[in-house]
Amino acid sequence: MAQEQATANSPTHDQAPSLLQINGLVQRFGGLTAVDGVDLDIRKGQIYSVIGPNGAGKTTVFNVITGIYKPSAGQILFDGTQVAGMKPDQIVRRGITRTFQNIRLFNNMTVLENVLVGQHTRLPGDVVSALFRLPNYRRAERRAEQRAIELLGFFGQGMIERKDEYAANLSYAERRRVEIARALGSSPKLMLLDEPTAGMNDAETADAVQYIQRLRREFNLTILLIEHKLQVTMGISDRIAVLDYGKKIAEGVPAEIQRNERVIEAYLGRKAAVE
Amino acid sequence: MATQTPSKAASSWTAGIRRGTDGIRRWLNETMLAGRPLIWYVTGWRFAVIALVVAILLPLVPTSAYSDIQSLLVAMISVFVYIMLALGLNIVVGYAGLLDLGYVAFFVIGSYTMAAGTYGSINDFAGKLHDLPTLPFILLIPIGAFIAGIFGILLGAPTLRLRGDYLAIVTLGFGEIVPVVFANIPIFFGQTGISATQPAPITTPVGIISFTDPFNHAPFYYLALAVAVLVTLGCYALRSSSIGRAWVAIREDETAAEASGVNLTRTKLLAFALGAFVGGIGGVINTAAFPSITPLGFSFAISITVLIMVVLGGIGSIPGVIIGALVLRLFDVFLLQRINDPVHQSFLVAPVNAPLHVLANVDFNTLKLLIYGIVLVAMILLRPQGLIPDARRRRELKGVGAAPEGVSAVGAFEQEEAGMSAATTADVLDPSEYTGAGSDAQGREG
Ligand SMILES: Nc1ncnc2c1ncn2[C@@H]1O[C@H](COP(=O)(O)OP(=O)(O)O)[C@@H](O)[C@H]1O
Ligand SMILES: [Mg+2]
């Protein structure tokens with residue numbers, strides 16, 4: 001694993017073109033300013049982490065990027081187009097996908113059905129196709145099913161064997177995997193992962209670190225990651241931004257972040273020190 | 001209608017009902033037909049095939065013009081219409097999870113499309129009569145469906161942000177308003193109502209087929225059956241399509257569905273539009289079969305009856321909803337009268353002090369909604385997933401009051417949703433039975 005991290009880290013994609021550019025992002029909830037003038041610049045191919053104490057506004061940034069909230073102010077440029085204010089499904093169509101901190105699967109659908117919903121934007125959605133099962137519709141459905149199985153296969157044969165299980169019956173780690181497989185269905189360019197190792201033991205976490213790196217490689221993804229476990233973020237990130245009380249207090253490569261006074265004070269100081 | 005914990009007293013009667021339903025299942029299991037238990041025949045796709053075969057053969061039973069078979073055929077036309085309505089409402093309530101208490105509105109719109117499209121004239125607002133070209137019945141089916149579908153979107157669009165109770169209230173209002181609008185505009189003759197011209201006879205190689213022969217209801221029966229089967233097939237196709245998956249997804253978790261690329265607005269509007277579309281078809285067929293309509297004959301009771309059919313059969317389950325509509329509508333238009341008359345006659349001749357003599361004064365027709373209410377409450381307490389539950393709904397309800405495994409009478413049906421379902425559809429709906437006029441008269445006499 002150490003070697004893999006080293007190769008992943010060596011080009012930090014600093015010279016690659018911007019994929020997601022966030023300028024002066026503000027999100028208010030009534031009197032609370034959850035995100036307060038945040039700028040981020042994520043380059044194609046990066047694994048970019050956002051860290052910060054609980055309540056710092058990290059998930060809110062994700063929710064704004066994915067269109068759950070309209071930002072109170074600021075710009076979100078994805079691949080050069082302004083996506084702030086678009087509906088979530090339009091943003092998915094443009095190539096941004098995500099997972100949730102608290103895993104939001106469709107519990108009473110099977111694993112396969114969950115992953116098929118993830119491909120919704122790539123399937124014909126008109127009533128006539130659905131009602132009359134026209135050949136192109138049937139072909140698209142068959143392809144979607146094959147693709148869903150391939151996506152599950154990313155996590156090994158074991159996940160393929162679980163395809164007809166209801167999502168509610170899966171283990172925690174399996175649920176995380178299905179959520180990622182579902183998120184891959186829209187053929188994204190950028191994947192937002194909100195604490196993908198939360199609640200996992202050490203072995204599962206190590207496994208998750210591996211597949212996050214494989215995601216970038218095999219699907220040509222850029223990854224924006226919220227992660228609490230510093231041994232994870234420090235190991236796999238090309239760049240890290242630190243949020244505290246809605247403001248970005250630091251940004252840089254992992255080594256810089258580990259040394260940054262304000263970060264140690266605001267974040268690391270309040271938690272266990274980095275090893 | 002919240003699920004309540006049954007009290008001690010309730011639990012004794014619920015236990016009684018469970019024993020009864022358990023008995024039915026045992027009977028199905030123990031009664032053999034051609035070497036198989038009866039229950040084998042009423043499970044999964046076999047049920048669909050058998051139901052369809054029975055439905056096709058029913059009019060072929062040798063019959064005289066005045067026999068019960070002919071009135072059963074009329075009742076079945078009504079059953080077919082209600083199967084359509086229940087399947088249509090099931091798209092909205094069962095698939096998309098949106099509670100619609102005003103579904104009758106689309107039935108009205110379909111009915112008026114059929115009537116206005118065949119009547120030949122309309123009023124203007126000054127009350128002056130104008131000729132209106134008439135259209136063939138077969139064209140009016142899609143026209144009525146499309147007009148109803150458009151109204152489905154018009155109702156759906158402003159209510160999309162509403163959920164649960166709020167949505168229910170707005171749809172309820174819509175269901176009340178539409179008939180009142182028809183009652184108050186002179187175009188279609190206001191409260192007087194309007195009569196459709198029934199479908200013209202068609203000439204075939206085997207002879208002329210008339211849809212209006214009072215001594216032979218089989219042609220219209222088959223027509224309504226065919227439309228009901230088409231609607232059923234459409235519902236199966238939708239359910240297993242990407243649209244069907246999107247409906248389940250938004251029912252389960254709207255945020256996750258959106259984040260997966262599902263357009264909430266479009267998906268919900270599609271459910272409203274398709275549900276309304278089917279309701280419109282039901283209206284056209286019903287008015288073609290039973291051509292006199294009055295606007296105030298379309299009451300809230302119809303919305304509720306269709307909803308009870310869906311709940312009784314199993315929300316989201318196509319075979320369940322068909323069974324729900326069959327049972328309730330057949331009870332309503334066929335059995336009730338056949339219970340009512342003998343009871344009255346036998347008690348009218350009995351001495352006044354005979355036990356149960358009071359039944360002579362009871363009109364079971366007026367108790368219909370009460371009976372439905374009891375059925376609904378009993379279902380919610382005993383078997384909230386319905387008679388033939390949808391697999392997914394059963395999971396959603398698990399632990400929320402579902403009967404313990406192996407206790408429910410119909411447990412063996414639970415393979416459910418295997419294949420095509422068969423069935424029947426159509427309806428009658430004599431508007432006068434909903435106006436309350438009948439029961440008033442009854443009350444005064446008593
Ligand atoms: N929808 C909302 N309405 C009101 N307050 C919110 C909402 N979402 C988040 N918040 C608040 O915004 C702040 C940031 O929350 P969040 O982004 O979830 O933090 P993090 O993910 O960094 O732990 C918290 O104080 C939280 O309570
Ligand atoms: Mg968070």
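A nitrogen atom of ligand 1 is placed 2.8 Å from an N or O atom in the side chain of A:Tyr69. The model that shows this contact is predicted. In it, the protein covers 63% of the 560 Å² of accessible area that ligand 1 has on its own.

**Surroundings of ligand 1**

Two further polar contacts involve oxygen atoms of the ligand. One partner is a backbone N or O atom of A:Gly55, at 2.8 Å; another is a polar side-chain atom of A:Lys58, also found 2.8 Å from an oxygen atom of ligand 1.

| Residue | Protein atom | Ligand 1 atom | Distance |
|---|---|---|---|
| A:Tyr69 | side-chain N or O | nitrogen | 2.8 Å |
| A:Gly55 | backbone N or O | oxygen | 2.8 Å |
| A:Lys58 | polar side-chain atom | oxygen | 2.8 Å |

The shell around the ligand also includes A:Phe29, A:Leu32, A:Ala34, A:Pro53 and A:Asn54, together with A:Ala56, A:Gly57, A:Thr59 and A:Thr60. By residue class, the shell divides into 6 nonpolar, 5 polar and 1 charged. Strand 2 (32-43) and helix 2 (58-65) of chain A each contribute at least two residues to this shell. The largest share, 3 residues, is supplied by helix 2 of chain A.

**The magnesium site**

Which residues coordinate the magnesium ion (ligand 2)? The donors are OG1 of A:Thr59 and OE1 of A:Gln101, at 2.0 to 2.1 Å. These two residues join distant parts of the chain, 42 residues apart: A:Thr59 belongs to helix 2 of chain A, whereas A:Gln101 lies in the loop between strand 6 (96-98) and helix 4 (111-118) of chain A. A:Thr59 counts as partly exposed because its relative accessibility is 24%. A:Gln101, with a relative accessibility of 27%, is likewise classed as partly exposed. A:Thr59 is also listed among the residues that surround ligand 1.

**Backbone exceptions**

Most residues other than glycine have a negative phi. A:Ile103 is not a glycine, yet its phi is positive, at about 40 degrees. This residue is located in the loop between strand 6 and helix 4 of chain A, the loop that also holds A:Gln101. A:Ile103 has a relative accessible area of 8% and is therefore buried, the limit for that class being under 20%.

A:Asn220, again a residue other than glycine, has a positive phi near 60 degrees. Its position is in the loop between helix 9 (202-219) and strand 8 (222-226) of chain A. Is A:Asn220 buried or exposed? At 67% relative accessibility, A:Asn220 counts as exposed, since that class begins over 50%.

Definitions and conventions. Residues are numbered from 1 along each chain as its sequence is written. Chains are lettered from A and ligands numbered from 1 in the order in which they are written. This is a predicted model: local features need pLDDT of at least 70, side-chain atom pairs count only at pLDDT 80 or more; totals for chains, interfaces and linings use all residues. Side-chain values use heavy atoms; hydrogens and water are left out. A residue is near a molecule or strand if one of its heavy atoms lies within 4 Å of it. A polar contact is a pair of N or O atoms within 3.5 Å; within protein, one must be able to donate a hydrogen and the other to accept it, and residues adjacent in sequence count only if both atoms are side-chain atoms. Accessible areas come from the Shrake-Rupley method with a 1.4 Å probe; for residues, only the protein chains shown count as cover. Helices (H or I, at least four residues) and strands (E, at least two) are DSSP runs, numbered from the N terminus. Ala, Val, Leu, Ile, Met, Phe, Trp, Tyr, Cys and Pro count as nonpolar, Asp, Glu, Lys and Arg as charged, and the others, Gly among them, as polar. Donors are N, O and S atoms within 2.8 Å of the metal (3.2 Å for Na, K and Ca); water is not among the atoms, so sites may look incomplete. Buried means under 20% relative accessible area, exposed over 50%, partly exposed in between (1.4 Å probe, protein chains only).
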